[in-house]
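Please examine the sequence and the structure shown below. The paragraphs after them offer a guided reading.

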Amino acid sequence: METVDILIKNANELVTLKGQNKPRIKKEMSNLEIINKGSIAIKDGNIFDVGKNLKYQSENVIDAKGKTVMPGFIDSHTHLVFAGSREFELDMKLKGLTYMDILKKGGGIVYTVNETRKATNSELLKQSKTRLDNMLIYGTTTCEGKSGYGLDTETELKILNVQKKLNEIHPMDIVSTFLGAHAIPQEYESKEYVNLVINEMLPKVKKFATYCDVFCEKGVFTVDQSKKILEAGKFHGLAPKIHADEIVDTGGAALAADVGAISADHLLMSNDYGLKQMAKKRVIGVLLPGTPFSLMMKDYAPARKMIGMGIPLALATDLNPNCWTENMQLIIQLACLNMKMTPAEAITAATYNTACAVGLNDTVGSLEKGKQADIILLDCPNHKFIPYHFGINLVESVIKKGIIIIDKPTKLRNKKYILT
Ligand code: NIG
Ligand code: FE
């Protein structure tokens, strides 16, 4: 009998999402390709075999009886590297101040930029590493991280360098996005700043990032400015992503289709024309329900309408000081309970489709032979429990590149309290 490094057997549900190598749309989002009583064999960091009753020898056999096994979550939109915190803004939000009111008062992004500029490399590294640890504990095995709290060349480079270092030292795989156009720093006029992003920052940051993003929003960057920046990013080899129509409909969705973006993110206020263009060009809609939740907004992105139109949907946390969560399980819960996605659609959006949104669907996002062994084991009998049993961490084990990184983080230590 052949030997493998790890054999997981007897999973009540093995959620594979196998079989399609492009972003899933419409009904495809509902098909999780579940194997009941499923097994998965892992060797040399990769998935060696997937099926029922696999017969392999292993020193590491995990009995997943009564549990759910699935691909690790991929968080395709985070602002991972920042310094400080903004818990004081909650009182302002409760008094009725909007996101833009707080930004205009020198809070919001501008506040975090000042903190991040002051922080040393090692402070930034330490604070961001804790966030990566939390992500892993909650089942995220790959994430995207954006710069954007520097807004000057030196600090944008500092953030991207910290991210590079984290990618080297931490089990998490991190995809880097340059978001120099996150806000207009107080010391610049918008036109001048757009020129700085294009002429000075892009040539210097290009080797540290895969994607270029813009906060295309009323009062921040216009559609024309965003287009200029994203086209310049393309010229330097960075594929476009967009923060589109988060607060006001400015035509960000149509711009995403126009520039050939891999994804357009937020999309709370997008018009139908823009959404149709996205569907036509298969631009992935990355929905971030943590943001309207943390801003106490009553409206969420119209996920049902988007699925009906044929937009491939992905989910992500938008982890940032305004919406601070590392927990993709919470995002699935919000997607189901507040955006009416089904559990299967939300799980597709939090695994395979979100892998597509960072261009990594050939290696992660589904459990298939030859793919990277990024696997989570959940202490629940089926996938529907993820949005159903909310507010706790259902993840029991996390395997990253074939290595067990997290094991039973939820068990009480003292034997006295363990029921046998
Ligand atoms: O995606 N909208 C722009 N950027 C972040 C918020 C950043 C912040 O408030 O610090 C977002 O929601
Ligand atoms: Fe964001």
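The following explanation moves from the sheet to a helix beside it, then to the nonpolar cores and the metal site.

The model is predicted. Its open sheet is formed by eight strands with parallel pairing, arranged in the order β6-β7-β8-β9-β10-β11-β12-β13. Strands β6 and β13 (313-315) are the edges, each pairing on one side only. From one strand to the next, the twist averages 25°. At the β13 edge, strand β12 (residues 284-287) pairs with β13 in the parallel sense over three bridges, and V286 stands opposite A314 in β13.

Helices accompany these strands. Helix α7 lies across β8 (173-181), β9 and β10, and runs at about 175° to β9. Helix α8 (residues 252-259) is mostly covered, with seven of its eight residues buried. These buried residues are G252, A253, A254, L255, A256, A257 and V259. Their cover includes the strands β9 (211-216), β10 and β11 (263-266), together with the helices α7 (223-235) and α9 (272-281). Just after α8, G260 adopts a positive phi of about 70°.

In soluble globular proteins, nonpolar side chains tend to be buried together. In this model the largest nonpolar core comprises 109 residues, of which F178, L315 and M341 touch the most other members. Helix α6 (residues 190-205) makes the greatest contribution to this core, giving eight residues. At least three residues of the core come from each of domain 1 (6-71 + 366-407) and domain 2 (74-356). Leaving aside residues up to four places away in sequence, the contacts of F178 include L160, V197, M201, L202, V205 and L238. F178 also touches polar and charged residues, among them S147, E156 and D213. A second, separate core has 16 residues, including A11, L14, V69 and I375.

The metal site remains to be described. Which residues coordinate the iron ion (ligand 2)? The donors are H77 (NE2), H79 (NE2), H243 (NE2) and D318 (OD), at 2.1 to 2.3 Å. Along the chain, these donors follow the spacing H-x1-H-x163-H-x74-D. H77 lies in the loop between β6 (73-75) and α1 (89-94), whereas H243 belongs to strand β10 (residues 239-244), so the pair ties together parts that are 166 residues apart in sequence. H77 is buried, with a relative accessible area of 0%, and H243 also counts as buried, at 3% relative accessibility. Strand β10 thus appears in several parts of this description: it is a member of the open sheet, it helps cover the buried residues of α8, and it carries the iron donor H243.

Definitions and conventions
Residues numbered from 1 in each chain as written. Chains lettered and ligands numbered in written order. Predicted model: local features only at pLDDT ≥ 70, side-chain atom pairs only at ≥ 80, totals over all residues. Heavy atoms only, no water. Donors = N, O, S within 2.8 Å, 3.2 Å for Na, K, Ca; no water. Helix = DSSP H or I, 4+ residues; strand = E, 2+ residues; numbered from the N terminus. Buried < 20%, exposed > 50% of the residue type's maximum accessible area, 1.4 Å probe, protein only. Core = buried A, V, L, I, M, F, W, Y, C linked by side-chain atoms within 4.5 Å. Domains from an automatic or database assignment. Contact = heavy atoms within 4.5 Å. Pairing = 2+ DSSP bridges. Axes fitted to C-alpha atoms, helices over the stretch in contact; angles between N-to-C directions.
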